[in-house]
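Here's a quick briefing to read alongside the coordinates. Have the viewer open and follow along topic by topic.

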Amino acid sequence: MGSQMESHCIDDDILTVIWTAEQVIQRVCELASQINNDFSSPGSSSPVVVGVATGAFLFLADLVRNIKLPVTVDFVRVESYGSGTVSNGAPKISCDVKLDVVGKHVILVEDIVDTGNTISHLISYLESKGATSVSVCTLLDKPSRRKVHFKLLGDGKFYGGFECPDSFVVGYGLDFNERYRNLGYIGVLKPEIYE
């Protein structure tokens with residue numbers, strides 16, 4: 001508005017759509033249903049849902065809207081990518097959870113699990129803070145890039161949305177240099193954008 005800059009549609013930067021917005025939401029609802037079933041038995045305590053910022057914010061919002069249990073929600077921020085396209089393998093917690101997780105079951109909500117470094121670090125970290133079990137709920141799982149085979153804590157479970165090809169994907173919270181998070185679908189970014 002008032003700028004002489006040429007308008008640019010971010011959809012033009014996408015090589016191909018892997019999962020449409022409808023497919024993403026359907027899978028999120030299925031994951032929430034699994035969580036509802038796993039935590040609805042008598043005697044189950046309400047889980048603490050911890051989103052890994054910033055990539056998981058859309059996924060977390062849609063997921064918890066479909067969890068029909070009393071949950072508490074928090075975020076943790078972990079830096080592991082910098083401004084590149086490959087995890088640097090040295091995750092650092094830059095913003096801690098504020099909720100008390102002592103004696104609680106935590107569900108870590110992640111946008112993508114690739115090398116396993118970040119999620120392994122977070123599971124150990126939550127264990128050190130007193131969590132009795134940690135589950136992982138990831139929208140995308142990229143096992144082809146796994147370097148660390150993480151171990152869930154206690155009765156923790158792994159909830160995986162989609163198995164992701166070894167391509168650089170963006171959308172639905174996933175970014176490149178903080179852009180493309182607002183796409184409703186998940187797509188492969190054109191290589192010329194990030195090379």
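At 1.5 Å a residue, what should the 19 residues of helix 1 span, and how far apart are its end C-alpha atoms? The expected span is 27 Å, and the end C-alpha atoms sit 27 Å apart, so the two agree. Keep in mind that this is a predicted model. The notes below go through helix 1, a three-stranded sheet and a nonpolar surface patch.

**Helix 1**

- Helix 1 covers residues 21-39.
- Its buried residues are Val24, Arg27, Val28, Leu31, Ala32, Ile35, Asn36 and Phe39.
- Several elements help cover those buried residues: strand 1, helix 2, strand 5 (105-113), strand 6 (133-141), strand 7 (158-163) and strand 9 are among them.
- Glutamate 30 is also in helix 1, but it isn't on the buried list: its relative accessible area is 35%, so it counts as partly exposed, a class that runs from 20% to 50%.
- Along the sequence, glutamate 30 is 36 residues away from asparagine 66, yet in space their C-alpha atoms are 9.1 Å apart.

**The three-stranded sheet**

- Three strands make up an open sheet, in the order 1-9-8, and the pairing is antiparallel.
- At the edges you'll find strand 1 (14-19) and strand 8 (169-170), each pairing on one side only.
- Strand 1 is joined to strand 9 by four bridges, with the two running antiparallel.
- Strand 8 pairs with strand 9 (residues 186-189) over two bridges, again in the antiparallel sense.
- As background, strands of a sheet pair through backbone hydrogen bonds, either parallel or antiparallel.

**Who faces whom along strand 9**

- Which residue of strand 9 is the bridge partner of valine 17? That's glycine 187.
- Glycine 187 also stands opposite valine 170, so you can pick it out as a residue with a partner in strand 1 and one in strand 8.
- Valine 169, for its part, has valine 188 of strand 9 as its bridge partner.

**The nonpolar surface patch**

- Phe57, Val73 and Phe75 form a nonpolar patch on the surface, and together they have about 230 Å² of accessible area.
- Phenylalanine 57 belongs to helix 2 (residues 57-65), and helix 2 is one of the elements covering the buried residues of helix 1.
- Is phenylalanine 57 buried, partly exposed or exposed? Its relative accessibility is 35%, which means it counts as partly exposed.

Technical notes
Residues numbered from 1 in each chain as written. Predicted model: local features only at pLDDT ≥ 70, side-chain atom pairs only at ≥ 80, totals over all residues. Heavy atoms only, no water. Buried < 20%, exposed > 50% of the residue type's maximum accessible area, 1.4 Å probe, protein only. Pairing = 2+ DSSP bridges. Patch = residues over 30% accessible without salt bridge, like charges linked within 9 Å, V, L, I, M, F, W, Y side chains within 5 Å. Areas by Shrake-Rupley, 256 points an atom, 1.4 Å probe, with all protein chains shown as cover. Salt bridge = Lys/Arg side-chain N within 4 Å of Asp/Glu carboxyl O. Expected span 1.5 Å × (residues − 1). Contact = heavy atoms within 4.5 Å.
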